[in-house]
Amino acid sequence: MTVTASAATVSDFYYGAVTPVAAYLMACLGAALGLRCTTRSLRRPQHRARWLALGAVSIGCGIWTMHFIAMIGFSVEGALVNYDATKTLLSLFVAIAVVAVGVFLVGYRGGSPLNLGVAGTVTGLGVAAMHYLGMAAIHTNGTLHYDPATVALSIVIAVAAATAALWAAVSIHALWASLGASLVMGVAVTGMHYTGMAAVSVHLTNVAGASQSSADLVAFLLVMLAGPLLVLLVAAVIVMFDPDMMLGETEPEASVSLPAPMFGGDSVFPAREPAQPSQSRTSW
């Protein structure tokens with residue numbers, strides 16, 4: 001018997017604007033935390049590896065969380081959508097690992113054009129690999145096909161976004177400038193995701209009789225998202241309560257040596273400094 005595959009109607013906005021907006025916010029949060037961690041690593045060279053590692057985890061979790069929040073809105077008319085848990089988790093580790101490669105390259109070797117080009121290319125290709133590995137985790141009643149030109153465009157966007165993010169990490173240190181950069185980076189990363197999704201078509205081999213198993217799919221993805229969201233929350237607490245942010249210091253200054261907290265502040269209770277006129281409070 002011959003089974004005829006038919007093209008299905010695919011949507012990335014099953015729940016309207018909720019999923020793209022939430023995905024964008026997660027991308028921005030991961031980018032903002034990564035930028036602040038990189039700034040801390042440059043100002044705290046004795047704890048550079050810790051801050052760079054936290055920054056890589058933050059950006060990687062932010063990108064991965066963005067992807068799978070956006071995928072909550074993915075639906076195929078006439079088919080059920082499920083995910084392979086192993087490939088889904090593997091895509092998370094890929095995201096963190098490739099971001100770590102780029103962050104450590106620029107953190108230790110600087111932001112020269114050559115170094116940024118290498119780090120941005122490696123990181124961008126890795127982010128694209130994370131995206132398509134996450135797509136490979138999809139199980140549905142048919143096969144996924146990709147338009148090669150649109151896939152290539154999504155990879156170019158991923159490399160450009162990664163390079164811009166790494167440049168911002170070593171070049172932008174003021175609070176408001178880095179927050180603005182994180183908003184732009186959120187647009188780039190989310191744009192890469194939806195460009196990649198525009199390349200997807202689904203050809204059904206049989207009809208499941210339902211367009212979306214909403215409760216089961218959302219429950220699975222929320223369980224998957226719980227860990228990375230918790231990591232982002234912990235990273236936000238660490239960054240916000242770092243002594244530099246609390247005191248609004250603009251330059252690393254000598255102070256009485258006290259035990260350092262885990263991620264590199266001078267002390268949990270910094271030494272009292274002489275009063276300075278109009279200290280800025282925007283350099284966290």
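Contacts between distant parts of the chain dominate here: residues 24 or more positions apart account for 86% of the contacts in the protein with a separation of 6 or more. The model is predicted. Its secondary structure comes to 8 helices and 7 strands. Of the 284 residues, 48% count as buried. The points below follow helices H1, H2, H3, H5 and H6, starting with single helices and ending with single residues.

**Helix H1**

- Helix H1 covers residues 18-43, which is 26 residues.
- From the first C-alpha of H1 to the last is 38 Å, close to the 38 Å expected at 1.5 Å a residue.
- Of the 26 residues of H1, 19 are buried, so the rest of the structure largely encloses this helix.
- Ala27 and Thr38 both lie in H1; each is taken up under single residues.

**Helix H2**

- Helix H2 takes in residues 48-72.
- The 25 residues of H2 should span 36 Å at 1.5 Å a residue, and its end C-alpha atoms are indeed 36 Å apart.
- H2 is mostly covered, with 21 of its 25 residues buried.
- Ser58 is one of the residues of H2.

**H1 against H5**

- H1 and H5 pack with their axes 8 Å apart, at an angle of about 40°.
- That angle makes H1 oblique to H5, since only angles under 35 degrees count as roughly parallel.
- The crossing of H1 and H5 is right-handed.
- On the H1 side, the residues are Leu35, Thr38 and Leu42.
- They meet Ala165, Ala168, Ala169 and Val170 of H5.
- By class, the contact of H1 with H5 has 6 nonpolar residues, 1 polar and no charged.

**H2 against H3**

- Helix H3 spans residues 85-109.
- The axes of H2 and H3 come within 8 Å and cross at roughly 140°.
- H2 and H3 are therefore oblique to each other, because roughly antiparallel needs an angle over 145 degrees.
- H2 and H3 cross in a right-handed sense.
- H2 contributes Arg48, Ala49, Leu52, Ala53, Ala56, Val57, Ile59, Gly60, Cys61, Ile63, Trp64 and Phe68 to the contact.
- H3 contributes Thr88, Ser91, Leu92, Ala95, Ile96, Val99, Ala100, Val103, Phe104, Gly107 and Tyr108.
- The residues of this contact of H2 with H3 divide into 18 nonpolar, 4 polar and 1 charged.

**H5 against H6**

- Helix H5 runs over residues 148-171, and helix H6 over residues 175-198.
- Their axes come within 8 Å and cross at roughly 165°.
- H5 is thus roughly antiparallel to H6.
- H5 passes H6 in a left-handed crossing.
- The H5 residues in the contact are Thr150, Leu153, Ser154, Ile157, Ala158, Ala161, Ala165 and Ala168.
- The H6 residues are Ala181, Met185, Ala188, Met192, Thr195, Gly196 and Ala198.
- The contact of H5 with H6 has 11 nonpolar residues, 4 polar and no charged.
- Ala165 and Ala168 of H5 serve in the contact with H6 and also meet H1.

**Single residues**

- Ala27 counts as buried, at 6% relative accessibility.
- Leaving aside neighbours within four places in sequence, Ala27 is in contact with Gly62, Met66, Gly186, Val189 and Thr190.
- Ala27 and Val189 are 162 residues apart in sequence, yet 6.9 Å apart in space, C-alpha to C-alpha.
- Thr38 is buried, with a relative accessible area of 2%.
- Beyond residues up to four places away in sequence, Thr38 touches Leu52 and Ala169.
- Leu52 also belongs to the contact of H2 with H3, while Ala169 belongs to that of H1 with H5.
- Ser58 is buried, with a relative accessible area of 0%.
- With neighbours within four places in sequence set aside, Ser58 is in contact with Gly30, Leu33, Gly34, Leu232 and Ala235.

Note on methods: Residues numbered from 1 in each chain as written. Predicted model: local features only at pLDDT ≥ 70, side-chain atom pairs only at ≥ 80, totals over all residues. Heavy atoms only, no water. Axes fitted to C-alpha atoms, helices over the stretch in contact; angles between N-to-C directions. Helix = DSSP H or I, 4+ residues; strand = E, 2+ residues; numbered from the N terminus. Parallel < 35°, antiparallel > 145°, perpendicular 65-115°, else oblique. Left-handed = near helix turned anticlockwise from the far one by under 90°. Contact = heavy atoms within 4.5 Å. Nonpolar A, V, L, I, M, F, W, Y, C, P; charged D, E, K, R; others polar. Expected span 1.5 Å × (residues − 1). Buried < 20%, exposed > 50% of the residue type's maximum accessible area, 1.4 Å probe, protein only.
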